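Please open the structure in your viewer and keep the selection tool at hand. The stops below are meant to be taken in order, with time to look around at each one.

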Amino acid sequence: MTEPEPPPFSSASSSVVEVEVEVEVEVEVDESFTLIPGLPKDVAALILSLIPYSHQARLKATCKSWRLFLSSKTLRRIRLRELCSQSHLLCIFPQDPSLASPFLFDRDNLAWAPLPTTPPNPHTYGLCNFTSLSIGAHLYVLGGSLFDTRSFPIDRPSPSSSTFRFDFTTHSWESLAPMIHARGSFACAAGSNNHILVAGGGSRHTVFSAAGTRMNSVERYDVGKNEWVELERLPGMRAGCVGFFVEKEEKSGFWVMGGYGEERTIGGVFPVDEYCRDAVVMQFNNSTGCGNWREVGDMWEQGEKVRVGKIVVVEDHERSGHPGVFMLDGNHIFRYDMASNRWQEESHVPKKTPHNSAFGFVVLDGELHVLTLLNAFDPQETRRKQHHKRAGTLYIQIYHPKKKTWRTLITKSPFPHPLDFNTAVMCSIRL
């Protein structure tokens with residue numbers, strides 16, 4: 001039995017891209033089939049490789065030879081090595097990925113497509129605060145907080161150690177080795193040599209305003225070996241933090257910022273978070289692979305700020321080891337200066353969010369994308385009245401850090417319910 005074909009992209013507009021390419025390509029193509037009649041197989045493979053990723057799914061149904069080629073690793077090799085061309089896609093997880101399909105968004109073609117859900121677990125539900133990132137042609141979903149029917153009390157969130165990987169070549173999920181320590185709301189980044197680093201975290205769930213556990217454990221995942229290894233622990237307990245990796249020639253660093261550490265109570269009853277004002281960095285020796293933590297110190301003066309907003313990192317290909325670190329706080333965007341350990345105001349979001357809704361913040365192809373919904377129902381009101389309408393129009397404001405300019409993009413949301421950017425998980429993918 002053959003696997004069902006992935007659903008085609010729904011495109012909001014059509015365009016014709018004219019590309020002139022003069023390259024010589026040697027492609028390993030099965031001699032038993034023909035890609036385009038009348039053309040040499042290497043030329044036909046080159047032509048099919050120019051098709052944007054957003055249109056490949058529906059073209060797979062044309063014939064068997066196209067389906068096999070568009071699902072092969074040869075396609076990615078041609079696009080990456082010979083054409084030096086990749087599709088920059090945005091992946092959005094609206095909620096528990098085992099219950100609701102994540103969607104891919106092709107910005108250049110204004111096209112959306114659903115991905116299959118992760119393998120379900122009959123004992124767990126309500127996964128949130130997980131992390132997603134991409135490495136090559138694979139998409140990873142790590143950890144999170146959930147409810148487990150086997151635990152007591154069942155209304156208390158539990159951390160998850162599960163690790164899933166989606167292969168865009170086979171269009172399927174697989175379960176990987178679980179993390180050594182279960183965690184949600186943790187710092188995570190893709191390091192060098194196909195490694196994933198995670199730090200801190202706990203068991204907090206989105207339905208709780210505080211409480212939950214904190215931890216200081218740190219782990220590194222080896223993609224090739226499919227195994228997790230413990231590293232030196234964080235200097236203190238930390239959850240709700242963000243992480244990013246800075247790679248240099250001799251020493252690289254895994255940065256962990258913000259989050260909450262210790263907990264205090266008001267009147268001995270109501271739990272309140274103590275937010276971290278500092279950053280820490282694990283410096284790796286690239287030759288040995290070993291690292292130690294270094295405390296950077298407070299990023300704000302007393303009375304300035306206590307809570308870190310949403311943080312994204314823009315890689316600078318011209319200056320290796322000097323990424324742009326940006327934070328969205330309300331309608332303001334700040335840039336982090338590593339030399340002074342201070343945040344400096346970069347720009348203002350031109351259009352404020354309606355109905356006090358939250359912004360989504362993500363990097364795509366070196367630009368900052370600020371997402372919000374227009375003509376959307378209030379999520380709490382929607383849950384109360386059990387509306388089943390689409391989430392309205394997705395309004396995207398795009399900021400170019402080097403040009404310091406803004407532009408906008410509008411597209412229809414593909415989700416059946418309003419998208420809550422406070423809980424939605426997003427990551428960018430290059431295919």
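The tour goes through strands, then aromatic rings, then two residues in loops. Please keep in mind throughout that this is a predicted model.

**First stop: a buried strand**

Begin by selecting strand β14, residues 218-222, and ask whether its residues are buried or exposed. Five of the five residues are buried, so the strand is largely enclosed by the rest of the structure. In a regular strand the side chains alternate between the two faces of the sheet. With that in mind, colour V218, R220 and D222, which lie on one side of β14, and then E219 and Y221, which lie on the other, and you will have marked two covered faces, since every one of these residues is buried.

**Second stop: the partners of β14**

Keep β14 selected and add strand β13, residues 195-199, which runs antiparallel to β14 and is joined to it by five bridges. To find your place along this pairing, look for H195, which stands opposite D222 in β14. Next add strand β15, residues 227-231, which also pairs with β14 in the antiparallel sense, over five bridges. Here the useful landmark is Y221, which stands opposite W228 in β15. Strands β14 and β15 form a hairpin with four residues between the strands, and one residue to select there is N226, which takes a positive phi near 55°. N226 has this positive phi although it is not a glycine, and with a relative accessible area of 33% it is partly exposed.

**Third stop: an open sheet of three strands**

Now move to another sheet, which is open, has three strands in the order β5-β8-β9, and is paired in the antiparallel sense. Which strands stand at the edges? They are β5 (124-128) and β9 (158-159), each with a single partner strand, so one side of each is left without a neighbour in the sheet. Select β5 together with β8, residues 145-148, and you will have a pair joined antiparallel over three bridges, in which C128 stands opposite S145 in β8. From there, go on to N129, whose place is in the loop between β5 and β6 (131-135). N129 has a positive phi of about 55° although it is not a glycine.

**Fourth stop: aromatic rings**

How many aromatic pairs does a search of the whole structure find? The search finds 15, and a good one to show as sticks is F254 with W293, whose ring centres are 6.2 Å apart and whose planes are at 50°, so the pair is tilted. F254 lies in strand β17 (residues 251-257) and W293 in strand β21 (residues 291-298), so the pair ties together parts that are 39 residues apart in sequence. F254 is buried, at 0% relative accessibility, and W293 is buried too, with a relative accessible area of 13%.

Then select Y399 and W406, which form a tilted aromatic pair with 5.0 Å from centre to centre and 45° between the planes. Turn the view and consider the two residues separately: Y399 is buried, with a relative accessible area of 2%, whereas W406, at 25% relative accessibility, counts as partly exposed.

**Last stop: a cluster of rings**

Finish by selecting F103, F105, W112 and F415 together, and look at how their rings are placed, for these four residues form one aromatic cluster.

Note on methods. Residues numbered from 1 in each chain as written. Predicted model: local features only at pLDDT ≥ 70, side-chain atom pairs only at ≥ 80, totals over all residues. Heavy atoms only, no water. Buried < 20%, exposed > 50% of the residue type's maximum accessible area, 1.4 Å probe, protein only. Pairing = 2+ DSSP bridges. Phe/Tyr/Trp six-rings, centres within 6.5 Å; stacked < 30°, edge-to-face > 60°.
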